[in-house]
Amino acid sequence: MYTQSFDTQTNAKVERANSDSREDAFLARIRRDEKIEPQDWMPDAYKKTLVRQISQHAHSEVVGMLPEGGWITRAPSLKRKEILLAKVQDEGGHGLYLYSAAETLGVTRDELVDALHSGKAKYSSIFNYETKTWADIGIIGWLVDGAAIMNQVPLCRCSYGPYARAMIRICKEESFHQRQGFDIVHALCKGAAAQKAMAQESLNRWWWPTLMMFGPHDSDSTHSGQAAEYGIKRLSNDELRQKFVDVTVAQAEFLGLTIPDPALVWNAERGHYDFGSIDWDEFWKVVNGEGPCNESRMQDRVSAFENGRWVREAASAHATKRAERALAAVAAKAPVTTHDPVAA
Ligand SMILES: [Fe+2]
Ligand SMILES: [Fe+2]
């Protein structure tokens, strides 16, 4: 009895020591900037942080197709329609790469999609705002995709291999999205006074929600510390937001648009722009489901998923049939054995 309990305690101690040394070795790999791959040992907290972040990112890509998708038929020319169609399609592709990256951590696509549809998982709050005018499509590309690039470029160097590799391709496509948005706004700003006014009105509505995309201040961000220690997040929310403001001001000046922030001013001492305070009450309201479009976005997502069920079933039945045919063809080509053990 005594021996058994002694053995159990010793085993527990050995296990703890092993786990501590594995964790130390893991953190040392992160500090050496080595990539962690799906087959490698990783702490549960690392896996959990990654599943939360990658799936939230994947959901944002897919829900992000909705505000712009409604403008494909209303784009002002065939060229603009083609470009917007390609852009929205890219966002679906980004969702696909990211769901696949999350699946390497042992979660299934169904679990991830369920979490989104049941409201358990979050997505970027920006997609809960309405796209009221054509200028919104330009402003989204310029600012929202611009903010996404700012967030995502450092993720190309994140410690988890499948996420980092997915981000490299995504960032290349996001640059195209940002340019197409800037090009729309540029065309409006060079156009009639009413077109320029439309661009300005859109900028007024989207500026602050875009700054909210970087998340709460570093001092109020619950997950940031851990994500930084694990080499997932390379720059903090406030650092990224500041970088975004610094590059965007010059672009707005070039377009002849006014950023709707009277407190925006160059601070020579800091070498950065100072800017006004964000309405965090609005941010939390939208995050917690009370934004202008939270409900309709989820309804649209769930009904698209249900309406597409027959397509997924048909595609998978077709794939099974093709695989069976391929197997049968291989079997038919296999050399027929002439050796008959019974006859021999
Ligand atoms: Fe995207
Ligand atoms: Fe994009």
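Which residues are the protein donors of the iron ion (ligand 1)? Hello everyone, let's start right there, with one reminder: this is a predicted model.

The donors are Glu 61 and Glu 91 through OE atoms, His 94 through ND1, and Glu 174 through OE again. They lie 2.0 to 2.2 Å from the iron ion (ligand 1). If you like to find such sites by eye in the sequence, the spacing to look for is E-x29-E-x2-H-x79-E. The pair of Glu 61 and His 94 links distant parts of the chain, with Glu 61 in helix 2, residues 44-63, and His 94 in helix 4, 33 residues apart.

What about the geometry? The 4 donor atoms of the iron ion (ligand 1) make angles of 85 to 143 degrees, and the site is irregular.

Are Glu 61 and His 94 buried or exposed? Glu 61 has a relative accessibility of 6%, so it counts as buried. His 94 comes out at 0%, and it is buried too.

Now to the second metal. The iron ion (ligand 2) sits 3.4 Å from the iron ion (ligand 1), and Glu 91 coordinates both. The protein donors of the iron ion (ligand 2) are Glu 91 (OE), Asp 145 (OD), Glu 174 (OE) and His 177 (ND1), again lying 2.0 to 2.2 Å from the metal. Along the chain, these donors follow the spacing E-x53-D-x28-E-x2-H.

Why is the arrangement around the iron ion (ligand 2) called irregular? Its 4 donor atoms subtend angles of 89 to 159 degrees, and that spread makes the arrangement irregular. Asp 145 is in helix 6, residues 134-152, while Glu 174 is in helix 7, residues 161-190, so this pair ties together parts that are 29 residues apart in sequence.

Let's stay with Asp 145 for a moment. Its relative accessible area is 5%, which is under the 20% cut-off for buried. Not counting residues up to four places away in sequence, Asp 145 touches Lys 87, Glu 91, Ile 140, Glu 174, His 177 and Gln 178. Glu 174, for its part, counts as buried at 2% relative accessibility.

On to the next stop, which is a pocket. How much space lies in the second largest pocket? The value is about 340 Å³. There are 16 residues lining this pocket, and the closest to its centre are Tyr 99, Arg 109, Val 113, Arg 301 and Phe 305.

Where does the lining come from? Helix 4 (78-103), helix 5 (109-117) and helix 12 (294-307) each supply at least two residues. Helix 5 gives the largest share, with 5 residues. By class, the lining of the second largest pocket has 8 nonpolar, 4 polar and 4 charged residues.

I also picked out a few single residues for you to click on. The first stop is Leu 50, which is found in helix 2. With 0% relative accessibility, Leu 50 counts as buried. Leaving aside neighbours within four places in sequence, Leu 50 is in contact with Ser 55, Leu 105, Tyr 160, Tyr 163 and Ile 232. Leu 50 and Gly 69 are 19 residues apart along the chain, and their C-alpha atoms are separated by 29 Å.

Next comes Gln 242, in helix 10, residues 237-255. Gln 242 is buried, at 12% relative accessibility. Among residues beyond four places away in sequence, Gln 242 touches Arg 270, His 272, Tyr 273 and Phe 275.

For contrast, please turn to Ala 332 in helix 13, which covers residues 309-333. Is Ala 332 buried or exposed? Ala 332 is exposed, with a relative accessible area of 66%. From Ala 332 to Glu 37 there are 295 residues in sequence and 40 Å in space, C-alpha to C-alpha.

Last, a backbone detail. Most residues other than glycine have a negative phi. Asp 33 is not a glycine, yet it has a positive phi of about 65 degrees. You will find Asp 33 in the loop between helix 1 (2-31) and helix 2.

To wrap up, if you open the model after the meeting, begin with Glu 91, which coordinates both iron ions. From there, go on to the second largest pocket, where helix 4 also contributes to the lining. Thanks for listening!

Definitions and conventions. Residues are numbered from 1 along each chain as its sequence is written. Chains are lettered from A and ligands numbered from 1 in the order in which they are written. This is a predicted model: local features need pLDDT of at least 70, side-chain atom pairs count only at pLDDT 80 or more; totals for chains, interfaces and linings use all residues. Side-chain values use heavy atoms; hydrogens and water are left out. On a 1 Å grid over the protein atoms alone, a cavity is a set of points where a 1.4 Å probe fits but cannot get out, and a pocket is an open set with protein on both sides within 12 Å along at least five of seven lines; lining residues have an atom within 4 Å of a point. Grid points are joined across faces, edges and corners, and a volume is the space filled by probe spheres set on the points. Helices (H or I, at least four residues) and strands (E, at least two) are DSSP runs, numbered from the N terminus. Ala, Val, Leu, Ile, Met, Phe, Trp, Tyr, Cys and Pro count as nonpolar, Asp, Glu, Lys and Arg as charged, and the others, Gly among them, as polar. Donors are N, O and S atoms within 2.8 Å of the metal (3.2 Å for Na, K and Ca); water is not among the atoms, so sites may look incomplete. Four donors count as tetrahedral if all angles lie between 85 and 135 degrees; four count as square planar and six as octahedral if opposite donors are over 155 degrees apart and all others between 65 and 115; anything else is irregular. Buried means under 20% relative accessible area, exposed over 50%, partly exposed in between (1.4 Å probe, protein chains only). Contact means heavy atoms within 4.5 Å.
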